[in-house]
Amino acid sequence: MALEDAKNQVDQAFTRSDPRGLSYENAFGGAVSFLRRRYGKDLAGVDLAVTGIPFDQAVTHRPGTRFGPRAIREASTLQPYDPPYGWGYDPLSLLNVLDYGDMAFDYANTREVPARIEAHIGAIMDGGAAPVTLGGDHFITLPILRAVAARRGPVALIQFDAHSDTWVDDDPERIDHGTFLYKAIREGVVDPSASVSVGIRADNPDTLGVTILDAPLLHREGVEAVLRRIRQVIGERPVYITFDIDALDPAFAPGTGTPVWGGLASWQAAALLRGLAGVDLIGGDVVEVSPPYDGTGATAIAGAHVAMELIALYGWTRR
C-alpha cells in the first residue's frame, strides 16, 4: 500500500477492515479518528485504546481544553502515512490501536466527573487494553491514576509540565488541574520516590518527594543527563507518563491555559520521549491543549506527536 491508495481509502475510522497498519486516506478529508484508527467500543484483541476526555472546568486561567481531543485527532491525520520517524519500527502495524472515542458526561454536573473518568479508564484496562488519553485539563489525570493504581498498585509517574501541580489542596470535593499530583500522592496512588517531573519552571515550596528536573537543568545539562536521572529515579518500575503541553515553551505550543516561558523546545521533548525507549509503559496522557489560543494548530500538532510517541513507547517493549 502507498500514497496511490488515497484514491480508494476514505472514512477509515469506520471502513478499515484491518485494525493494524498505516493509512493513506487524504489528510484533509474523511471521518476523523486518531491516526485514522478504527472507532469502536469492543476491546477484544486491542492492545491500546486512545480515548478523549474533553473536560476543562478546572483551569486556573484560559479555558478551551475541552476542544483538545478533537483538535489532536484532526492534527494526527497527517501522521499515519509513515512509521514515526527515528523509531526504526512501525507501531501501527505491530499494535492493535483502537480509537475508543470520547468519554460521555453531563457538562452541568461536574461533581460526577471524577468517578466517571475513573470508571471509564478502568473499563479500558479491564478490557485488556492500555489507555492513552487525550485531554482535557490536567485534573483528569487524577482519576486516571486512581484507576491505574487500583489495578497496578502505586504508580511510578513521569510528568512533563511547567508546574509541579503539588499545591496544597485537602478538600476532596475540589476539582483543580493544579493539585492533581498533590492529591494523587496523598491518596497513595502515586509513589513519589519513583516519580519525576520534567520541565518545571514555576516555584512550589513542597513537591512531596517527587524528583524535580526543571527546565533550566535541561537547558544547562542536556537531554542525555536528564534521561539518566529519570532512569535512576524510576528504576525498573512500570511507569505512567503524563504530558502537559505547557511543558513546551509557548513558542512551540501557545495554545494552552497556563503558558510559561523558558520551556522545552519540541526537539527536546521528542528526544526525551525517544530516549525513554525500553520503559514499561502502562499508560499515558497528553493534556491542556487549548486550540482557541493557537490559530496555527501547532499546539494540537505537538499533542498528536506526543500521543504517537506514547504509542511507540508502549510498542517498543512488545516488538
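Buried here means under 20% relative accessible area. The model shown is predicted.

**Figure 1. Overview of the protein chain.** The protein chain folds into ten helices and eight strands. Its C-alpha atoms fill a box of roughly 55 × 45 × 40 Å along the principal axes. For 319 residues, a compact globule would have a radius of gyration near 20 Å, and the 18 Å of the protein chain agrees with that. Of the 319 residues, 60% count as buried. Contacts often span long stretches of sequence: among those between residues at least 6 apart, 74% join residues at least 24 apart.

**Figure 2. Surface and charge of the protein chain.** About 12,500 Å² of the protein chain is exposed. Carbon and sulfur atoms supply 53% of that area. The protein chain has 28 positive and 41 negative charges. The mean positions of the two sets are 3 Å apart.

**Figure 3. Helix α2 and its packing partners.** Helix α2 covers residues 68-75. It is mostly covered, with six of its eight residues buried. These are G68, P69, A71, I72, R73 and A75. What do the buried residues of α2 pack against? Four strands and a helix are involved: β1 (48-53), β2 (97-102), β3 (130-135), β8 (281-287) and α10 (298-316). An arginine, R73, is thus listed with the buried residues of this helix.

**Figure 4. Strand β3, covered on both faces.** Six of the six residues of β3 are buried. In a regular strand the side chains alternate between the two faces of the sheet. One side of β3 carries A130, V132 and L134. The other carries P131, T133 and G135. Residues on both sides are all buried, which leaves both faces of β3 covered.

**Figure 5. Pairing of β3 with β1 and β8.** β1 and β3 run parallel and are joined by six bridges. In this pair, L48 stands opposite A130 in β3. β3 also runs parallel to β8, with three bridges between them. Two positions mark this pairing. V132 stands opposite G284 in β8, and T133 stands opposite D285 in β8.

**Figure 6. Strand β8, an enclosed strand.** Why is β8 described as largely enclosed by the rest of the structure? Seven of its seven residues are buried, so the rest of the structure largely encloses β8. Strand β7 (residues 239-244) runs parallel to β8, and six bridges join them. T242 of this pairing stands opposite D285 in β8. D285 also has T133 opposite. β8 is also among the elements that the buried residues of α2 pack against.

**Figure 7. The cis peptide bond after β3.** Most residues other than glycine have a negative phi, and most peptide bonds are trans. The bond that joins G135 and G136 is cis, with omega about 15°. G135 is one of the buried residues of β3. G136 lies in the loop between β3 and α5 (141-152).

**Figure 8. Two loop residues with positive phi.** R36 is not a glycine, yet its phi is positive, about 60°. R36 sits in the loop between α1 (12-15) and β1. Is R36 buried or exposed? Its relative accessibility is 1%, so R36 counts as buried. D165 is also a residue other than glycine with a positive phi, near 60°. Its place is in the loop between β4 (156-160) and α6 (180-186). At 4% relative accessibility, D165 counts as buried.

**Figure 9. G199 in the loop between β5 and β6.** G199 is found in the loop that links β5 (196-198) and β6 (211-213). Its relative accessibility is 1%, so G199 counts as buried. Which residues does G199 contact, leaving aside its neighbours within four places in sequence? They are D161, A162, L213, D214, A215 and L264. L213 is 14 residues from G199 along the chain, and the C-alpha atoms of the two are separated by 6.4 Å.

Definitions and conventions
Residues numbered from 1 in each chain as written. Predicted model: local features only at pLDDT ≥ 70, side-chain atom pairs only at ≥ 80, totals over all residues. Heavy atoms only, no water. Rg over C-alpha atoms; globule rule 2.2 N^0.38 Å. Buried < 20%, exposed > 50% of the residue type's maximum accessible area, 1.4 Å probe, protein only. Contact = heavy atoms within 4.5 Å. Areas by Shrake-Rupley, 256 points an atom, 1.4 Å probe, with all protein chains shown as cover. Lys, Arg positive; Asp, Glu negative; His and termini not counted. Charge placed at Lys NZ, Arg CZ, Asp CG, Glu CD. Pairing = 2+ DSSP bridges.
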